[in-house]
Amino acid sequence: MTSPSPSTIDPAVLPSVSPLNLPSVWVAQVEPQLSAEEKILAWLETDLDAHLHFASGLVIVTTRRLLASPGTDQKGAAWRKWTYQPGLMLIRHDYSGVGSLELLDADSQLARWRYTFGADIAAGRLTEHFAEQLAYRLNGELPQPSVHVVCPKCQRTLDAPLLPGEEACAACRTELLKPSSTWTLFRLWRFARPYKWQLLSGFLLTLGSTAAALVPPYMTMPLMDNVLIPYQNGKPIDTSLVTFYLTGLLGAAILAWGLGWARTYMLARVSERIGADLRTATYQHLLKLSHAYFGGKRTGDLMARIGSETDRLNVFLSLHLLDFATDVLMIAMTIIILISIDPWLALVTLLPLPIIAWLIHLVRDRLRTGFEKVDRVWAEVTSVLADTIPGIRVVKAFAQEKREAGRFRAANDRNLEVNDRVNKIWSLFTPTVTLLTEVGLLVVWVFGIWQVSKDQITVGVLTAFLAYISRFYLRLDSMSRIVSFTQKAAAGTKRIFEILDHVSSVPEPVHPVHLPVVKGRIELCGVGFRYGTRSVTHDINMTIEPGEMIGLVGHSGSGKSTLVNLICRFYDVTEGAILLDGVDIRSLPVVEYRKHIGLVLQEPFLFFGTIAENIAYGKPDAKREEVIAAARAAHAHEFILRLPHGYDSLVGERGQALSGGERQRISIARALLIDPRILILDEATSSVDTTTEKEIQRALENLVRGRTTIAIAHRLSTLRDANRLIVLDRGSVIETGNHAQLMAQEGHYYGLYQAQARNVDTEDDLRRPDVDRKAGDGRDDR
């Protein structure tokens, strides 16, 4: 049976989206763009422009083509249209919560659209329909999935593979990426559960203090009707009765104060502990996530989430949530008391309540969306600081202070712009609620005076009503103001749980295997790694024996660092397996496996603290003798003793108080102290001068002895003593052997080595005239 040709496809049988399903602002613009029988299959409303400023746009997939509205800076321009043709691709990316769609052909990028992550589900649906229609129009059939994929979050088998950048199925993404709502705050119960009895005590104290605060208005009725009004009519004041009522007022006030103090103190302590637990749990979970997660996030954004967002939640839990609970109880109790006193007057009192509730519902969603945008632009401001301050040396070296100040000013201006939009909504809402409460109070006065004139209620009842109403409307106004803080807290909770809900792409094994003794034998069996749709390494097979040193050689981008990252299990292989002593490393607990690996990087990272603390980073309980022994083996002991405080000298932030060679030797001592069975040297000597390199090489000789070592080096001459050299090119192994064997083959390695040798000779030739001239100058001087 043959598939129908594209020309015979009936668009009526395809799923479609009516223009009426589009946002109303786009319907009138889209309908003229559609030809006869052309149907909309999916659409994406973008909300960012090319400069990541908020701007609206629309991208549509139809049964015949891809349509896109002109940009905000191209008003009046025609819609852009691309018909389905061979080589056309629509690719979706995610960068730090900002989504991107790229339309490509075989030669170039045709278009690019950006959107915030709330539209990611719509973007995924758009790319899926585009791929289906492209295959449908070109091949006459819809693509069928060739393999089954398991969702890493819910472990369900999927009918189609995940798209690039997706780490969960559509159902999980819908749950994680849906717009935040006030209900998001209930997810904090996970952290509040350990303090449930303290919270219950706080609620009871709140109930008691609220009830006590409602006693004084009730006491005004007998004071007016039984004391003051009879006195005006000539009856003497009953002193004992007045004393009783006033004592009751004083006692209620003192009781309300005492219960309120206990409530506030207890709930403030609980909220601080909930916030601390949330901050700790978020940071601990963040540390467990893979390198892939950090590669798509900005440091400033993560710092803002763990820092300012948790602080905001602390304030909300300790102050605003407490006020909200008090307001709700006060309003509920007041309504009960008002109805018990006079139902008709109570009904008039409650007239503004539905209108205020409708206003809160109307404003809530707009505020929540606005606060999410505020959080994103504030993270951008923080990210500029996180980029600039650590790199201040580069900024000053290139005299770019003005440029960086401009970057910060631009980010700050965007923050100001978004906050102005939120404040515009909020500034109208609050006075409106106040106006409604004042009108409500006026209506109560009118109706109450009419009831007094008809002898339906007494003056004391009206006085008590007015006292209760003042508190009722005050609490109603206060509760409406809490809407802003609630939506801020909901937006912050969503951003925090985006971290907590993220599943690491390097998971812990379900049934872990423990190796009692690690020998250090590493096997790579058909190893391949893909980043999205791009293949980085493929079909790599090798065995590294215990105690053997191999060198990885190749041009930049050949896959050397990727291979090291896979062995360290910073990423998991997408094809094949890596075995340690015959066991798949994915079966080993991550922390337990990495304890057997020592890593020395090209740019050693030192933490703020003393030299001794940095050397003992991998073994915090190490004795001072062990630290000194490691420093001696790394040839660092001598320069450490020359420092003012020796091993207790501070290295500064990121080790800026030390030279590059000194930092590297501290890094080697750090690796030596944990005594790893596997050693990774990633360009350990490429960023230092020749003299320092020789000192580091002597330190490395002590480090590699008896350990399985994998070394990457820019200077090929430093790998001449390796047992084997593995030559990589475009993610594959192309040559294997020691230095002499590979030189004899005159292949890829031979070319690399000769090219480096020529560069060294050229540098020597360039230096010789200077040496001769200086020598000649010396003779002339003599």
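A crossing of two helices is called left-handed if the near helix is turned anticlockwise from the far one by less than a right angle, and right-handed if clockwise. In this predicted model, helix H5 passes helix H7 in a left-handed crossing, whereas the crossing of H18 and H20 is right-handed.

**Overall composition**

The chain has 782 residues, of which 45% count as buried. Its secondary structure comes to 23 helices and 19 strands. Among contacts between residues at least 6 apart in sequence, 69% join residues at least 24 apart.

**The pairing of H5 and H7**

Helix H5 spans residues 196-213 and helix H7 spans residues 239-288; they pack at an angle of about 155°, with their axes 8 Å apart. Because an angle over 145 degrees counts as roughly antiparallel, H5 is described as roughly antiparallel to H7. On the H5 side, the residues that meet H7 include Leu199, Gly202, Leu205, Gly208 and Ala212. Their counterparts in H7 include Ala252, Leu255, Leu259, Gly260, Arg263 and Val270. By class, this contact has twelve nonpolar, seven polar and one charged residues.

**The pairing of H18 and H20**

Helix H18 (residues 624-633) packs against helix H20 (residues 660-673) at an angle of about 125°, and the two axes are 8 Å apart. H18 is therefore oblique to H20. Glu626, Val627, Ala630, Ala631 and Ala633 are the H18 residues in this contact, and they meet Ala669, Leu672 and Leu673 of H20. Seven of the residues in the contact are nonpolar, none is polar and one is charged.

**Nonpolar cores**

In soluble globular proteins, nonpolar side chains tend to be buried together. Here the largest nonpolar core holds 41 residues, and the members that touch the most others are Val553, Ile615, Val627, Ile640, Tyr647, Ile666 and Tyr749. The largest share of this core, six residues, comes from H20. A second, separate core of 39 residues includes Met221, Ile337, Phe465 and Leu476.

Val627 appears both in the contact of H18 with H20 and among the core members listed above. Leaving aside its neighbours within four places in sequence, Val627 is in contact with Ala612, Ile615, Ala616, Ala622, Tyr647 and Leu673. Two of these partners, Ile615 and Tyr647, are also among the core members that touch the most others.

**Selected residues of H20 and the loops**

Arg670 is found in helix H20. With a relative accessible area of 15%, Arg670 falls under the 20% limit and so counts as buried. Not counting residues up to four places away in sequence, Arg670 touches Phe605, Leu606, Asn614, Ile615 and Tyr617. Ile615 is thus a contact of Arg670 as well as of Val627.

Two loop residues other than glycine have a positive phi. Asp675 lies in the loop between H20 and strand S16 (678-682), and Arg730 is found in the loop between strand S18 (724-729) and strand S19 (732-737). Asp675 is partly exposed, while Arg730 is exposed. Their values are set out below.

| Residue | Phi | Relative accessible area |
|---|---|---|
| Asp675 | near 50° | 48% |
| Arg730 | near 55° | 72% |

Conventions:
Residues numbered from 1 in each chain as written. Predicted model: local features only at pLDDT ≥ 70, side-chain atom pairs only at ≥ 80, totals over all residues. Heavy atoms only, no water. Axes fitted to C-alpha atoms, helices over the stretch in contact; angles between N-to-C directions. Helix = DSSP H or I, 4+ residues; strand = E, 2+ residues; numbered from the N terminus. Parallel < 35°, antiparallel > 145°, perpendicular 65-115°, else oblique. Contact = heavy atoms within 4.5 Å. Nonpolar A, V, L, I, M, F, W, Y, C, P; charged D, E, K, R; others polar. Core = buried A, V, L, I, M, F, W, Y, C linked by side-chain atoms within 4.5 Å. Buried < 20%, exposed > 50% of the residue type's maximum accessible area, 1.4 Å probe, protein only.
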